[in-house]
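Colleague: I would be grateful for a close look at a single part of this protein, the annotated binding site, followed by an account of its surroundings. Please keep to what the model itself and its records support.

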Amino acid sequence: IAATQPSTNWHLKENAREHHTSKFSSEEPIVRRGQAFTITFNGTEHPEQNLIFIAETGPKPSKATKTLATFGISSTVSKEGWSAVLQSTSSNSASISISSPHNAVIGRYKLSVQSGSSSPASLGTFVLLFNPWSSGDDVFMPNKAECEEYVLEEFGIIFAGNKNHISSFGWNFGQFQGDILNICLSILDRSLYYRQDPVTDVSHRHDPKYLGRVLSAMVNANDDQGVVLGNWSGKYEGGKNPSSWTGSGEILQSWKKSGFKPVKYGQCWVFAAVLTTVLRCLGIPTRTITNFSSAHDADRNLRVDEFYDADGNHLERGADSVWNFHVWNESWFTRNDLGPSYSGWQILDATPQEESGGIYQCGPASRYAVKEGEVDLDYDCPFVFAEVNADCMYWNYDSATGKKTLIFSKSTEIGSSISTKAVGRDDRVDVTSDYKYEEGSAKERDIFKKARKKLGLEDKFDPTAPTQEEIEQKPDISGKFKVAGSLEVGKDLNLLLVLENLQSDAKTVNVNMTAWSTLYTRRRVNEVWKDSLSVTLAPKEEKQFPINIKYPQYQQQLTTDKTIQVTALCHVQDGIQVLVQRNITLDNPAIDIQVLGEAKVNKEVLVEVVFTNPIDTEVTDCVLQVEGSDLLQGILELRIPPLKASEKSSTKFKLIPSEAGPKHLLVNFSCDKFPDIKTFKMVNVIN
């Protein structure tokens with residue numbers, strides 16, 4: 001090799017096409033492990049003779065930790081380690097095909113070449129990622145359409161609302177935008193694991209189990225100054241309301257720009273969406289999962305206790321809770337530590353709920369293990385099992401005496417309509433049956449018992465548990481809330497309380513009713529309405545009582561989650577109490593997006609967004625936020641003048657798409673009365 005630096009041609013376009021990395025907008029080569037890439041460099045006289053390549057990564061590269069490889073030219077690709085195969089030579093340049101092993105450490109590598117006794121010359125750096133297209137990789141996904149969706153797709157749909165009323169919104173994962181890959185690599189270098197022992201941490205980066213767990217800790221700010229700071233208070237001063245984000249890019253960029261200070265604020269879907277971005281970026285197939293009526297079992301007894309006072313107010317007692325919905329992740333990889341049947345989808349959860357191993361991290365828990373009640377298997381299976389399976393106990397609590405009385409218990413309440421986005425379509429797919437056997441079936445109860453047994457709950461006496469006698473008591477009446485009319489912010493809320501006497505003698509009932517605005521975690525924020533009534537029900541009689549909560553009554557009290565919990569506690573004379581409850585999620589008014597004309601690569605196209613103020617008062621502070629990978633750079637923010645009652649606003653702006661194919665435009669409209677109205681539109685961009 002001459003004393004001058006060899007000049008290297010990394011064949012960026014060709015390698016990126018072969019390695020499914022064309023969507024990254026980087027001047028640096030980005031390739032996937034276990035697959036060959038080609039480089040050409042000059043300055044070599046006789047390349048086939050004693051050229052030695054050196055690939056190294058991490059702070060102290062060594063062969064022992066598999067962070068340093070030296071390899072010469074060989075005639076075939078090595079099965080085990082790194083290899084270089086000569087493709088062609090000319091007078092002073094050589095084309096070489098370089099292959100890394102299927103289990104190589106991922107990250108940024110330095111590549112050098114050495115000839116004879118001269119010192120190594122640098123050929124440059126490249127980034128090595130996981131390879132779901134390669135059958136030897138732990139993250140191998142045989143279905144190509146699934147690889148496209150779970151690694152290459154930058155748009156996602158997140159499901160929310162509640163089990164009676166599932167809603168959804170779009171999200172821009174943006175894993176290939178700008179500097180996101182570098183930010184993802186710096187997340188790894190800021191973890192507690194890396195800070196404690198950088199050499200060991202980097203040597204484990206070949207393993208998706210390890211990286212998934214580390215990243216589930218790093219995406220939340222607890223313990224490690226990670227990416228997003230959670231806030232479930234309903235007050236978001238000093239940061240952004242969790243409902244206002246529309247993509248991960250802005251969050252990850254802000255984290256870097258601020259010198260790696262946690263971004264304010266997130267709730268479960270924000271943690272899950274950011275983790276999806278980071279894992280897809282690194283090449284691990286990942287999706288978001290929404291679980292409705294999701295249990296947070298703080299004391300590992302597979303039981304969630306909820307307490308109510310005599311007026312029917314939901315009390316904040318104990319650490320257990322049930323959320324209207326909770327969003328976590330599934331990532332796809334093998335479980336060599338557990339055995340082949342536990343491979344496939346693994347649950348990771350970056351929302352800081354309970355500590356695991358001393359820090360806020362969760363997973364990977366094998367989805368198959370959760371379904372089979374194998375709660376003794378790594379990692380965090382009991383917590384995930386409870387999220388979809390815990391039994392629910394509703395208690396009446398008397399604060400004066402400290403006495404609690406069981407109202408009723410339910411084993412079919414928790415974990416319903418578990419949802420994710422379909423592959424290649426903007427639809428919802430229900431995956432509940434992958435998490436548990438059919439609710440109420442004998443098999444499902446057997447699995448629940450098996451899990452209790454493994455956790456040592458079957459044999460030990462639990463003084464807080466209800467007696468068998470309490471569980472088996474039968475109420476004299478039944479009740480439910482029915483929705484009468486539309487559930488829309490800006491309109492009155494009309495419900496019916498339906499009470500039915502189940503006995504053949506008359507029953508007198510005193511009913512205490514309350515309605516509270518809540519967060520999606522069912523945490524109470526403001527009282528909206530209360531009332532009481534007395535009624536005598538004839539034998540087997542059913543009666544309906546209309547409830548009307550006017551918009552001005554709830555407008556000031558509503559949280560951005562737009563949720564109201566309505567409760568009726570029925571005191572039956574000489575009988576046991578009956579609790580009737582419903583969690584209601586209101587819908588925002590609609591906004592409409594129209595693309596005016598054909599969307600073509602590198603050509604301007606006009607988009608119109610229309611919003612009509614549905615209420616009879618003026619709305620002010622109107623802001624429109626727009627983003628979408630390959631449609632526009634960053635986020636477009638437009639201020640809109642106030643809108644009078646029933647007034648319609650039309651806002652037009654230009655896009656210049658940068659890539660052909662189906663792309664998604666995400667719009668978020670906010671004003672003083674309606675924060676964060678979201679919608680998205682698929683835009684088909686042609687060349």
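**The annotated binding site and its setting**

Modeller: In the unreviewed UniProt entry, N389, D391, E439 and E444 are listed under "binding site". These residues are spread over 56 residues of sequence, yet they cluster in space, with a largest C-alpha distance of 12.2 Å. The coordinates are those of a predicted model. One of the listed residues, E439, is placed in the loop between α11 (432–435) and α12 (442–454).

For the wider setting, the domain assignment divides the protein into domain 1 (7–129), domain 2 (144–455), domain 3 (474–585) and domain 4 (591–685). A further record concerns residues 260–352, which the unreviewed UniProt entry annotates as "domain: Transglutaminase-like". Over residues 260–352, strand accounts for 44% of the chain and helix for 16%, and the C-alpha atoms at the two ends are 18 Å apart.

Salt bridges can be considered next. The structure holds 33 of them, including one in which the side chains of R33 and D137 meet at 2.7 Å, N to O. R33 lies in the loop between β2 (30–32) and β3 (36–42), and D137 lies in the loop between β9 (121–129) and α2 (144–152), so this pair ties together parts that are 104 residues apart in sequence.

The last topic is the pairing of domain 3 with domain 4. Their centres, taken over C-alpha atoms, are separated by 38 Å, and the contact takes five residues from domain 3 and five residues from domain 4. Between them the two domains bury about 420 Å², of which 63% is on carbon and sulfur atoms. On the side of domain 3, the residues that lose the most area to domain 4 are V489, Y551 and T560, together 64% of what that side buries. By class, the side of domain 3 that touches domain 4 has two nonpolar and three polar residues, and no charged residues. The count of salt bridges between domain 3 and domain 4 is zero. The count of residue pairs in polar contact between these two domains, with both residues at pLDDT 80 or more, is likewise zero.

To return to the part you asked about, the binding site listed by UniProt consists of N389, D391, E439 and E444, and E439 belongs to the loop between α11 and α12.

Technical notes: Residues are numbered from 1 along each chain as its sequence is written. This is a predicted model: local features need pLDDT of at least 70, side-chain atom pairs count only at pLDDT 80 or more; totals for chains, interfaces and linings use all residues. Side-chain values use heavy atoms; hydrogens and water are left out. Domain bounds come from an automatic or database domain assignment. Contact means heavy atoms within 4.5 Å. Buried area is the accessible area (1.4 Å probe) that two parts lose on being put together, summed over both. A salt bridge is a side-chain nitrogen of Lys or Arg within 4 Å of a carboxyl oxygen of Asp or Glu. A polar contact is a pair of N or O atoms within 3.5 Å; within protein, one must be able to donate a hydrogen and the other to accept it, and residues adjacent in sequence count only if both atoms are side-chain atoms. Ala, Val, Leu, Ile, Met, Phe, Trp, Tyr, Cys and Pro count as nonpolar, Asp, Glu, Lys and Arg as charged, and the others, Gly among them, as polar. UniProt positions are given in the numbering used here, feature names are shortened, and annotations may be inferred rather than shown by experiment. Helices (H or I, at least four residues) and strands (E, at least two) are DSSP runs, numbered from the N terminus.
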